Amino acid sequence: MYDSERQSLSIRAVNIGLVANVVLALFKVAFGIIGNSPALLADGVNSTSDVAYYVVVRVFMQLARKPADREHPYGHAQLESIAAVIVGAFVITTAVAIFWDAVNKVYALWAGHGTFEGAAPVAFFIALGTIVVKIGLMVYTRRISTATANLAVAALVKDHRNDVFAASGAALGIFLGRSGLPWGDPLAGAVVALLILRTGVMILSDASSDLMDNVPSDELAVQVQEALSDLPGVECIEEVFAHRFGPYLVLNVTAGIDGSLSVAAGDSIASAIEDRLYERIDLLRHVHVHYHPVGVARVPEAGVPPKSMIDE
């Protein structure tokens, strides 16, 4: 997939989610208040926060499209990971606020300081409608996430899934509240908040791992070994190191070649390694190849002690 196509799909997923959340937030907040439903209102607050960080993600993803420059030779793709961190932070903050408010309402009912007669029927139907809309958005956004390997879009998939749980909890709470269990509605809000919190932590964990250059080194090393196993001139692969820049990879590969070959022949093999890896590994942006002679003793440079002396 070309970068332009990948970016267009990613931005489309954000735009559709943004519009949907604006509409859902307006309905849920309005009918949460009118319909006297703490659970639906809490879910509406969740959707309102969604709108805020969708705007932030949209801005960051636009910035991530900027081409490479002298300060950022590998481009700006890591802004997608930063956008995912922002999503996670917003989700966690929202979860804490919803949980605290719900616990206060449950305590007030338990202590006899408040009354609750149940939410209006319209609140229940708004919650059910939210579930349907969010399931559709989750499926659609997951397809785009799989096709683009965009961490920010992957975070939005989890947020849509989180909203399905939130709306389901709100619907259950409204049903319990209307069935004569006044604590059911706010208690459902508290459970929803815990689910939201878990999702936020997962998003932050994934995005932080990406920013810390965490790559699947074992799997990647095996993939490199398999890709180069039948390449003429490559005797062995000694080392494979990778750096991640957003969804893209930069590889540093050390190969062993016949030590009797000329420098020009070694350079030709290195170029063949680069071509093969670009062909076999998706989202590979750069390959740096270093080659060592195999079967020939390495002579230390003048003034540089042998490695054995350095180790001692």
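Accessible areas here come from the Shrake-Rupley method with a 1.4 Å probe. The model is predicted.

**Exercise 1. Describe the chain as a whole: its surface, its burial and its elements.**

Step 1. The accessible surface of the chain is about 16100 Å², and carbon and sulfur atoms hold 63% of that area.

Step 2. Of the 312 residues in the chain, 42% are buried.

Step 3. The chain contains nine helices and three strands. Read from the N terminus, their order is α-α-α-α-α-α-α-β-β-α-β-α.

Step 4. Take the contacts between residues at least 6 apart in sequence: 74% of these join residues at least 24 apart.

**Exercise 2. State how confident the predictor is, and where its confidence is lowest and highest among the elements.**

Step 1. The average pLDDT of the chain is 77, and 77% of the residues score at least 70.

Step 2. Among the elements, the lowest mean pLDDT, 40, belongs to helix α9 (residues 307–311), and the highest, 90, to α4.

Step 3. Over residues 306–312 pLDDT stays under 50, and the model has one contact beyond four places in sequence for this stretch.

**Exercise 3. Check the length of helix α4 against the expected span, then list its buried residues.**

Step 1. Helix α4 covers residues 121–148, which is 28 residues.

Step 2. The expected span is 1.5 Å times one less than the number of residues, so α4 should span 40 Å.

Step 3. The end C-alpha atoms of α4 are 41 Å apart, in agreement with the expected span.

Step 4. The buried residues of α4 are Ala-123, Ile-126, Ala-127, Thr-130, Ile-131, Lys-134, Leu-137, Met-138, Thr-141, Ile-144, Ser-145 and Thr-148.

**Exercise 4. Describe Thr-148 and the residue that follows helix α4.**

Step 1. Thr-148 belongs to helix α4.

Step 2. The relative accessible area of Thr-148 is 1%, under the 20% cut-off, so Thr-148 is buried.

Step 3. A polar atom of the Thr-148 side chain lies 2.8 Å from the backbone oxygen of Ile-144.

Step 4. Ala-149 follows α4 and has a positive phi, near 55°.

**Exercise 5. Find the aromatic pairs and classify each one.**

Step 1. Searching the whole structure gives two aromatic pairs.

Step 2. In the pair Phe-27 and Phe-31, the ring centres are 6.1 Å apart and the planes meet at 15°; this pair is therefore stacked.

Step 3. Both Phe-27 and Phe-31 lie in helix α1 (residues 3–34), four residues apart, or about one turn of the helix. Phe-27 is partly exposed because its relative accessibility is 42%. For Phe-31 the value is 23%, so this residue also counts as partly exposed.

Step 4. The pair Phe-124 and Phe-125 is edge-to-face, with 5.9 Å from centre to centre and 70° between the planes.

Step 5. Phe-124, with a relative accessible area of 22%, is partly exposed. Phe-125 has 56% relative accessibility and counts as exposed.

**Exercise 6. Describe the surroundings of Val-240.**

Step 1. Val-240 sits in strand β1 (residues 236–245).

Step 2. The relative accessibility of Val-240 is 21%; Val-240 therefore counts as partly exposed.

Step 3. Leaving out residues up to four places away in sequence, Val-240 touches Ala-221, Val-224, Leu-251 and Asn-252.

Step 4. Val-224 and Val-240 are 16 residues apart along the chain, and 7.8 Å separates their C-alpha atoms.

Notes: Residues numbered from 1 in each chain as written. Predicted model: local features only at pLDDT ≥ 70, side-chain atom pairs only at ≥ 80, totals over all residues. Heavy atoms only, no water. Helix = DSSP H or I, 4+ residues; strand = E, 2+ residues; numbered from the N terminus. Buried < 20%, exposed > 50% of the residue type's maximum accessible area, 1.4 Å probe, protein only. Phe/Tyr/Trp six-rings, centres within 6.5 Å; stacked < 30°, edge-to-face > 60°. Polar contact = N/O pair within 3.5 Å; in protein donor to acceptor, adjacent residues only side chain to side chain. Contact = heavy atoms within 4.5 Å. pLDDT = per-residue confidence, 0-100.
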